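Thanks, everyone. I'll keep this short: a few residues up close, then the whole chain. Please have the sequence and the structure open.

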Amino acid sequence: MPTPHLQDPRPDDPLQDPGLRSALAEPLGLREAAFDVTGRTIVAFERRRLGLRQFELAPLGLCAPPCADEAAARALGVFLREAPRRAVRVRVNLSPFETHAQALISTARAAGYRIEPQQTHVLDLDRPLAQIRAGYHAPKRTQVRRASVASSVIACTRERTALDAYFEVYAASAQRWGRGGPPYPRALFEALLASSCTQLWTHHVAGRLACAMVVLAGRGHALYWQGVSHIAPDQKAAHPMARLLDAVVQHLHGQGVARFNLGASQGLPNVQRFKEEFGARPLGYAALVHESSLWRVLGSLRRRRGAGG
């Protein structure tokens, strides 16, 4: 079982890091709003549109940190009941590791929230590394155990200059996804790299970036947040994505991280299969959404205008 570094300054959950929270807020036009609830402070991200307030505990589809104890869960329950009085829309993505999930779901349902089932894939790292890697499917074990290709270089960095190549591959990935460009601005990534919880992993093959991923890591668990790839024919023999993910797994295990959340991939069967080939298991969680009557009316008007255009 991995042993956490005693001097690790990171919080248990990456979203508990003030630097990471600030990095998420400013580039996205959000504001942090603190609520004193039964002696506990709950910090939400506030968004305003047409003068109307919206609250979410974690933006970009991220999840709120799991409650550390019963008192924290009670405070979150109070927030769920009171927040709709101050905002037209409230969204709380519960952590897949939330041990108080059922009680919080019951509280939210009673307060008029819509419960949206979600699913992610999690790789358990709190066991010997050899056992983790033995859980890879046979083809993946073969790919990651091959001798390193001489022209293959895997690195972990927080240097902003690494974003130059990352965004070139990001643009190619976005085109493959059917998008006009990267979904998130470079300013967001630059801000995230200032946090000790952010790791930018890159895999260069034949002198060019083949794939990369942004990992948000706390002491207890880590999240594979944003991965990109553009693998040319002369790079395929290096199995860039498989060997990169294996390198990340080894690194997180060495840091004492117990669980690696590989992220949601509903509707993406190839992505789900890739995660499961590394031994990741599907794990459900819930998104709690409260929308006021005004918000629903505005949403209906927007949809009608879109249909009419």
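**Ser-95 and its surroundings**

Let's start with one polar contact. A polar atom of the Ser-95 side chain sits 2.9 Å from the backbone nitrogen of Phe-97. Keep in mind that this is a predicted model.

Where is Ser-95? It lies in a loop. Strand 4, residues 89-93, comes before that loop, and helix 3, residues 101-110, comes after it.

Is Ser-95 buried or exposed? Its relative accessibility is 6%. The cut-off for buried is under 20%, so Ser-95 counts as buried.

Which residues does Ser-95 touch, once neighbours within four places in sequence are set aside? They are Cys-63, Ala-64, Pro-66 and Tyr-285.

**Leu-192, in a helix**

Next, Leu-192. This residue belongs to helix 7, which covers residues 186-192. Leu-192 has 2% relative accessibility, so it is buried as well.

Again, leave out neighbours within four places in sequence. Leu-192 then contacts Leu-20, Ala-23, Leu-24, Thr-198 and Trp-225.

One distance to note here. Between Leu-192 and Gly-61 there are 16 Å, C-alpha to C-alpha. In sequence, Leu-192 and Gly-61 are 131 residues apart.

**Ala-150, in another loop**

Now Ala-150. Helix 5 (138-145) and strand 6 (152-157) flank the loop that holds this residue.

Buried or exposed, for Ala-150? Exposed: the relative accessibility of Ala-150 is 82%, and the cut-off is over 50%.

Ala-150 also pairs with a distance across the chain. Its C-alpha is 8.6 Å from that of Ala-206, and 56 residues separate the two along the chain.

**The whole chain**

Let's zoom out. How many helices and strands does the protein have? It has 10 helices and 11 strands.

Why call it as compact as a globular protein of its length? The radius of gyration is 20 Å, and the globule rule gives 19 Å for 309 residues; those values are close, so the description holds.

The C-alpha trace spans about 60 × 50 × 35 Å along its principal axes.

Of the 309 residues, 50% are buried. The accessible surface is about 14,800 Å², and carbon and sulfur atoms account for 51% of that.

On to contacts. Take those between residues at least 6 apart in sequence: 72% of them join residues at least 24 apart.

Last, charges. The protein has 40 positive and 25 negative charges. Their mean positions lie 7 Å apart.

That's the tour.

Notes:
Residues numbered from 1 in each chain as written. Predicted model: local features only at pLDDT ≥ 70, side-chain atom pairs only at ≥ 80, totals over all residues. Heavy atoms only, no water. Helix = DSSP H or I, 4+ residues; strand = E, 2+ residues; numbered from the N terminus. Rg over C-alpha atoms; globule rule 2.2 N^0.38 Å. Buried < 20%, exposed > 50% of the residue type's maximum accessible area, 1.4 Å probe, protein only. Contact = heavy atoms within 4.5 Å. Areas by Shrake-Rupley, 256 points an atom, 1.4 Å probe, with all protein chains shown as cover. Lys, Arg positive; Asp, Glu negative; His and termini not counted. Charge placed at Lys NZ, Arg CZ, Asp CG, Glu CD. Polar contact = N/O pair within 3.5 Å; in protein donor to acceptor, adjacent residues only side chain to side chain.
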